[in-house]
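Visitor: I'd like to learn how to read helix packing in a model like the one below. Could you walk me through it?

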Amino acid sequence: MRSTTDSLLRPSDEVAEALASGAPVVALESTIISHGLPQPRNLEVARELEGVVRAAGAVPATIAVLDGVPRIGLNEVELERIATEPGLRKLGQRDLPVAAALKASGATTVSATSFLAARAGIRVFATGGLGGVHRGWVEDQDESADLGTLATTRITVVCAGVKSILDVPATLQRLETRGVSVVGFRTDYFPGFYLHSSGQPIDWRIESPGDAAAIMRGQDTLGGADSALIVANPVPEDQQLDPELHDRVLGEALAAAEREGVKGQAITPFLLGYLVDGTGGASLEANLAAVRGNTALAARIALSWARS
């Protein structure tokens, strides 16, 4: 397995040692800490997710940019800073060189986390849901930068599908066009983020973390474009958001966004915030259930990969 670090990246001592020895490492994003959860629960969840990785026998590497330096693995002080510092930026891959030059600080999105993890030599990344093609794409051509990064980055991303506020069929078509492999973990249907299923079938199903590691070996052996592997892991049915409540509140959120002219980068936080309020926080709990499950599965995949 390849383990390289870039002179600009700063891995923690624990992560650097794990990468040097070939031990399993799981990358974790930081936007859920800075932008996705209220204080002080955000810090509690950040610690919890790192604990899930450690309990499985892997090393967590929460990724963020502090004072222009990409940090691959955070200590307690740095984790608290991400959880509490006001005005922290949300950084995608395109923002990284600007943040480095201007010595800015920010939490990393899926695109930035994927890019930095791969540069550091980390192969497995756990998150909640991916970005994708937004509804009304024909009119606005609004597509998440996540898709472009995943098409050019050799990383395995464990997620609960894409956010249900998006155009799921169009996103799956776009992933196919960009050459990104998608497999369902013990499911034949693409997950719906808050929901166990989006209703959209997927072509490939795997049954074990070892299956994912075997696909990763196949990617390296066959060569080709350095695209990602998406392991779609559904939230358990007993922990999903009630489907009827989800559909009703999402419909109201979309109508409100249309009335208020909310578009572009503002649309995702608007809709997600509307869902949290409209479901009495139930959407947030479903999101956290998905993240916990994805993190545990990612750790098991990282272990299988390290043994391969």
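Guide: Sure, and keep in mind that this is a predicted model. Start with a pair of helices and look at the distance and angle between their axes. Helix H11 (residues 243–260) and helix H12 (residues 267–278) have axes that come within 9 Å and cross at roughly 135 degrees.

Visitor: What does that angle make H11 relative to H12?

Guide: Over 145 degrees would count as roughly antiparallel, and 65 to 115 as roughly perpendicular. The crossing is at roughly 135 degrees, so H11 is oblique to H12. As for handedness, H11 and H12 cross in a right-handed way.

Visitor: Which residues make the contact?

Guide: On the H11 side, they include Leu 245, Val 249, Ala 253 and Glu 260. H12 contributes Ile 267, Phe 270, Leu 271, Tyr 274, Leu 275 and Gly 278. Sorted by character, the residues of this H11–H12 contact come to 12 nonpolar, 2 polar and 2 charged.

Visitor: Let's try another pair. How are H3 and H13 oriented to each other?

Guide: Same routine. Helix H3 (residues 41–55) packs on helix H13 (residues 282–307) at about 25 degrees, the axes being 8 Å apart. Angles under 35 degrees count as roughly parallel, and H3 and H13 are therefore roughly parallel to each other. Their crossing is right-handed.

Visitor: And which residues make that contact?

Guide: From H3, it's Arg 41, Val 45, Glu 48, Leu 49, Val 52 and Val 53. Among the H13 partners are Leu 284, Glu 285, Leu 288, Arg 292 and Thr 295. The contact of H3 with H13 divides into 9 nonpolar, 1 polar and 4 charged residues.

Definitions and conventions:
Residues numbered from 1 in each chain as written. Predicted model: local features only at pLDDT ≥ 70, side-chain atom pairs only at ≥ 80, totals over all residues. Heavy atoms only, no water. Axes fitted to C-alpha atoms, helices over the stretch in contact; angles between N-to-C directions. Helix = DSSP H or I, 4+ residues; strand = E, 2+ residues; numbered from the N terminus. Left-handed = near helix turned anticlockwise from the far one by under 90°. Contact = heavy atoms within 4.5 Å. Nonpolar A, V, L, I, M, F, W, Y, C, P; charged D, E, K, R; others polar.
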